[in-house]
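Work through the exercises below with the sequence and the model open side by side. Each task is followed by a solution in steps.

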Amino acid sequence: MSRVKRPMSHLIAPPALQIRDLAKSFEEPAVDELSLTIKAGEFYALLGPNGAGKTTTLRMIAGLLKPDAGNIEICGINALTDPISAKRVLAWVPDEPMIYDKLTPLEYLAFVAGLWGMNAEVARAKADQLIDVFGLGTKSNERCGGFSKGMRQKVALAGALIHEPRLIILDEPLTGLDAGSARQVKAVLRHLVSQGVTIIMTTHILEVAERMSDRIGVIAKGKLLAEGTLEDLRHTSGTSGESLEDIFLDIVKEKEQQDAPYKANAKAPHVAALEVLA
Ligand SMILES: Nc1ncnc2c1ncn2[C@@H]1O[C@H](COP(=O)(O)OP(=O)(O)OP(=O)(O)O)[C@@H](O)[C@H]1O
Ligand SMILES: [Mg+2]
């Protein structure tokens with residue numbers, strides 16, 4: 001599926017990401033004993049309907065949300081017992097990136113590099129490179145406050161990449177980008193993967209998942225329904241559908257149908273309580 005040539009580092013490196021029986025509940029389970037293993041240098045797309053638990057999963061991996069249960073290892077580092085070391089090797093770009101409106105892209109990148117303790121000269125060279133790669137050159141000295149959503153997204157991505165992370169966690173990175181910007185971002189992501197960087201990304205743009213990822217995981221209600229290459233998913237779903245959209249919708253629909261009889265038979269809590277009292 002992937003068109004990217006890459007180093008063979010995954011043959012010796014520990015998995016870039018390994019999560020085991022990860023669980024998080026709010027009013028209901030959002031992530032339900034989820035396990036995933038992603039090899040170093042892999043491009044992994046995490047798909048699922050709205051509310052499936054994708055963002056919750058990514059936020060736990062990024063160390064922003066404490067799991068109720070389970071383990072997370074990032075490049076062999078236990079992210080729950082050694083979160084600082086884990087954060088050094090990862091980058092997280094949320095679906096609504098936060099950048100500082102009063103700073104210019106160059107100032108923002110210098111600020112982020114400073115937080116990582118990077119040498120100022122190295123940081124400036126890296127910032128210039130990222131500004132160039134994301135086509136932000138003409139805006140590099142304008143305050144981010146006046147930027148469009150797509151421009152803010154690119155500044156946030158540049159900020160996430162400045163410390164040269166090994167694992168990049170992206171929540172809907174292409175939402176709000178115009179065609180040209182989306183192409184730029186996809187090219188950057190492809191280049192990173194070709195350098196042995198690992199990416200886990202959520203997207204509702206199934207064509208992007210189909211064209212860019214090595215493997216795809218489909219989750220619903222916090223559980224992994226299917227995982228593998230497009231061919232594997234086609235096999236799992238038993239669908240004759242050609243596109244990932246057909247296969248994805250088949251997998252999710254099958255899960256809904258499996259759950260439906262329980263819902264239909266389930267009694268409202270007050271009815272069940274009255275029956276117990278009767
Ligand atoms: N902070 C929170 N407080 C309460 N419930 C939450 C919180 N965060 C997520 N949830 C719930 O957890 C479930 C999973 O949400 P999550 O945002 O992970 O889904 P998602 O797969 O990212 O969906 P989308 O495709 O819409 O982004 C949803 O039912 C959501 O309402
Ligand atoms: Mg989400």
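## Exercise 1: the shell around the ligand

The shell around ligand 1 has three nonpolar, six polar and one charged residues. The model is a predicted one.

Task: list the residues around ligand 1 and find which helix gives the most to the shell.

Solution.
- Step 1. The residues around ligand 1 are Phe26, Ala30, Gly48, Asn50, Gly51, Ala52, Gly53, Lys54, Thr55 and Thr56.
- Step 2. Sort them by class. Phe26, Ala30 and Ala52 fall in the nonpolar class and Lys54 in the charged class, with glycine counted as polar.
- Step 3. Helix α1, residues 54-61, gives the most, with three residues.

## Exercise 2: the two sides of a helix

Task: decide which residues of helix α3 are buried, and where they lie around its axis.

Solution.
- Step 1. Take a residue as buried if 20 or more other C-beta atoms lie within 10 Å of its own. In α3 (residues 105-115), Pro105, Leu106, Tyr108, Leu109, Val112 and Ala113 are buried.
- Step 2. These residues lie on the same side of α3, because they cover an arc of only 160° around the axis.
- Step 3. On the face turned away from the buried side, α3 carries the exposed residues Gly114 and Leu115.
- Step 4. The cover over the buried residues of α3 includes α4 (120-133) and α5 (149-161).
- Step 5. Just after α3, glycine 117 has a positive phi of about 75°.

## Exercise 3: the order of the sheet

Task: give the strand order of the open sheet of six strands, and say which strands stand at the edges.

Solution.
- Step 1. The order is β6-β7-β8-β3-β9-β10, and the pairing is mixed.
- Step 2. β6 (90-93) and β10 (223-228) each have a single partner strand, so one side of each is left without a neighbour in the sheet.
- Step 3. From one strand to the next, the twist averages 15°.
- Step 4. Helix α8 (residues 230-237) packs on the sheet and touches β9 and β10. The direction of α8 makes about 125° with that of β10.
- Step 5. Now take the edge strand β6. It pairs with β7 (residues 167-171) in the parallel sense over four bridges, and valine 93 has leucine 170 in β7 as its bridge partner.
- Step 6. Leu90 and Trp92 point one way from β6 and Ala91 and Val93 the other way; all are buried.

## Exercise 4: one strand and its partners

Task: describe how β9 pairs with β3 and β10, and state whether the faces of β9 are covered or open.

Solution.
- Step 1. β3 (residues 43-47) and β9 (residues 215-220) run parallel, joined by four bridges. Tyrosine 44 stands opposite arginine 215 in β9.
- Step 2. β9 and β10 run antiparallel and are joined by five bridges. Here glycine 217 stands opposite glutamate 227 in β10.
- Step 3. The hairpin of β9 and β10 has two residues between the strands, and in it lysine 221 takes a positive phi near 50°.
- Step 4. Both faces of β9 are covered, with Arg215, Gly217 and Ile219 buried on one side and Ile216, Val218 and Ala220 buried on the other. Thus six of the six residues of β9 are buried.

Technical notes
Residues are numbered from 1 along each chain as its sequence is written. Chains are lettered from A and ligands numbered from 1 in the order in which they are written. This is a predicted model: local features need pLDDT of at least 70, side-chain atom pairs count only at pLDDT 80 or more; totals for chains, interfaces and linings use all residues. A residue is near a molecule or strand if its C-beta atom, placed from the backbone, lies within 6 Å of it. A residue is buried if 20 or more other C-beta atoms lie within 10 Å of its own, exposed if 12 or fewer, and partly exposed in between; C-beta atoms are placed from the backbone. The arc is that of the directions from the helix axis to the C-beta atoms. Two residues are in contact if their C-beta atoms, placed from the backbone, lie within 7 Å. Two strands pair if DSSP finds at least two bridges between them. Axes are lines fitted to C-alpha atoms, for helices over the stretch in contact, and angles run from 0 to 180 degrees between N-to-C directions.
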